[in-house]
Amino acid sequence: MAFRVLITDPLSEEGIKPLRNEPSVDIDVATELSGEELKTKIADADALLVRSQTKVTREIINQAKQLKIIGRAGVGVDNIDLDAATERGIIVVNAPNGNTNSAAEHTMAMLMSLSRRIPQAYQSLKNQQWERKKYVGVELKNKTLGIVGLGRIGAEVAHRAKGQRMKVIAYDPFLTEEKAENLGIDYGSFEEVIQKADFITVHTPLLKETKHLINADAFNMMKPGIHIVNCARGGIIEENALYDAIISKKVAGAALDVFEEEPFYDHKLLDLPEVIATPHLGASTVEAQENVAIDVSEDVISFLAKGSVKNPVNLPSVSSEALGKIEPYFNLAEKLGIFLSYLSNDVAEKINIYYSGDLSGVEIAPITRNTIKGLLTRHLGTHVNDVNAFYLADKKGITIHENKTSKARGFTNLLTVEVETKSGTRSVSGTLLNGLGPRIVEIDDYSVDVTPKGHIVVIHHKDQPGVIGKMGNLLAQHDVNIATMQVDRSDVGGNAIMMLTVDKYLENKEKEALIRLEEIRDVTAVDL
Ligand code: NAD
Ligand code: MLT
């Protein structure tokens, strides 16, 4: 059956061509939906594509029965409840690069319109006024532009502002003096930037930390006659404080593309002649809309077909070079996790993962994620995936410890997973053999060599003559065929382990029959 892709905000027709050309996808474009209509439509969607208009709330996400991916054609994902998506194992992707240029150009357009009061002068002319004295502007040249948030767009704005011969000073938690020097701009703290600037432009995401970052206190620190631009997100500037600062003449002008509530049709800031505004048009160019729609369409197709994406928001991205090195271990890691979930029946409290040999030099978080996914799947079901594995482990109170060591006890690579429970610690180790694929090579302290695949039976028994024969006979009586078998022991006549691969999953009655043999201590049937 085809995947259903629901598109609820207007997206570039050219940009969604990759989806339209994909035979495995059915597209449903339904913009202007009411909340109730969206709840009905989302129920059987596999993918949802939005811009910023659709509010993808927890309530909406909870109505989805088979939603796998939400694509945001743009940067900001503040209209999507990321926690709710992560909890449900729904991946969220965005298009972080496609509209950078347009947003930077819009910021410059706003800055220049603001300094020369072009929209006001145009409006006056339309009203048949010729007011040359009233609309005297200020130059940008030699003025200081303070940039708060020097990410993709902030950095592009810095380049362009230098082209206008402005001095640029920026604050960003990831900006260092050295980086600033390389960019030919000054570095400052947030306070320094807003105190030194003649013009301020904000380019941060809207986060808890950036909400009302520009508030009454910040306005108090600024130079009188400051001009301020917000083409990032409504709410970074506190609108009431801005209103007061304009009335008090502290702020000479403000250019706003974004607002705390959107859309709106009447806003007190727009009553002020010092304010110029556009209705969230930063990314509204033919080029940007095409770029972002192509980016999310391609990620949706790739995710539905192969499970991989380029621009995940609720899953850290891995470079293709790093992925090439670690992807072969994903299956081994997941199988070791599943194996351990059978071996240890008690509630897991702590999981230790040891990366040895070649594995000590690679990016391990995605391998850990696959291990945890395997460990949790047996008890929590197939909804455990790469997106929610860490979240679900945390919710179950399981702590995860990763360790790296270059010593791999004779193997070129060794992955050991240990689970600590109230009743003790169980562990399993595996390796990837060059050309031969994954192997389980150790269970607790016993050496084994088993391909992690199919039906495996782990039997702990007493090392004494006849026990293997008895076990074989008993399984034969139950019509269980043994495909492979290995034995290891701690000491002669002491504890021992048998690893069988069998042709069918061992039912309870067969396990119980085995455990009734006096030499057998316990039996674990594993289904990989
Ligand atoms: P980005 O992630 O590349 O950059 C954001 C930067 O803000 C990062 O470098 C980050 O370190 C910095 N930052 C975070 N908290 C900060 C703080 N407290 N103080 C200073 N800096 C802080 O994002 P981007 O692509 O450059 O987008 C920037 C903003 O523009 C986002 O809010 C995005 O949603 C918005 N945007 C708006 C439009 C539009 O149509 N108006 C278009 C595209 C993007
Ligand atoms: C964004 O975050 O990318 C912008 O708000 C652009 C948009 O969706 O219009």
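# A guided tour of two ligand sites and the strands of the model

Begin by selecting Asp-172 together with ligand 1: a polar side-chain atom of Asp-172 lies 2.6 Å from an oxygen atom of ligand 1. A polar contact here is a pair of N or O atoms within 3.5 Å; within protein, one must be able to donate a hydrogen and the other to accept it, and residues adjacent in sequence count only if both atoms are side-chain atoms. This is a predicted model, in which local features need pLDDT of at least 70 and side-chain atom pairs count only at pLDDT 80 or more, while totals for chains, interfaces and linings use all residues. Residues are numbered from 1 along each chain as its sequence is written, chains are lettered from A and ligands numbered from 1 in the order in which they are written, and side-chain values use heavy atoms, with hydrogens and water left out.

**Ligand 1**

Keep ligand 1 selected and add Ile-153, where a polar backbone atom is 2.8 Å from an oxygen atom of the ligand. Next add Arg-233, which has a side-chain N or O atom 3.4 Å from an oxygen atom of ligand 1. On its own, ligand 1 has 860 Å² of accessible area, and the protein covers 88% of it; such areas come from the Shrake-Rupley method with a 1.4 Å probe, and for residues only the protein chains shown count as cover.

Now display the whole shell, meaning residues with a heavy atom within 4 Å of the ligand. It holds 26 residues, the closest being Arg-152, Ile-153, Asp-172, Thr-204 and Asp-257. By class, 13 are nonpolar, 9 polar and 4 charged. In this scheme Ala, Val, Leu, Ile, Met, Phe, Trp, Tyr, Cys and Pro are nonpolar, Asp, Glu, Lys and Arg are charged, and the others, Gly among them, are polar.

**Ligand 2**

Move to ligand 2, whose surroundings include Arg-51, Ser-52, Gly-74 and Arg-233. Select His-280: one of its polar side-chain atoms lies 2.6 Å from an oxygen atom of ligand 2. Arg-72 has a side-chain N or O atom 2.9 Å from a ligand oxygen, and for Asn-99 the distance from side chain to ligand oxygen is 2.9 Å. Taken alone, ligand 2 exposes 270 Å², of which the protein buries 92%. Its shell divides into 2 nonpolar, 5 polar and 3 charged residues.

**Strand S4 and its partners**

From Arg-72, extend the selection to strand S4, residues 69–72. Helices (H or I, at least four residues) and strands (E, at least two) are DSSP runs, numbered from the N terminus. Ile-69 and Gly-71 point one way from S4, Ile-70 and Arg-72 the other way, and all are buried, that is, under 20% relative accessible area, with exposed over 50% and partly exposed in between (1.4 Å probe, protein chains only).

Add strand S3, residues 47–50, which runs parallel to S4 and is joined to it by 4 bridges; two strands pair if DSSP finds at least two bridges between them. Ala-47 stands opposite Ile-69. On the other pairing of S4, with strand S5 (residues 91–94), select Gly-71 and Val-93, which stand opposite each other.

**The open sheet**

Finally, select the open sheet of 7 strands, ordered S8-S7-S6-S9-S10-S11-S12 with parallel pairing. Strand S8 (186–187) and strand S12 (275–277) are its edge strands, each pairing on one side only. Between S7 (residues 167–171) and S8 there are 2 bridges, and Ile-169 stands opposite Asp-186 in S8.
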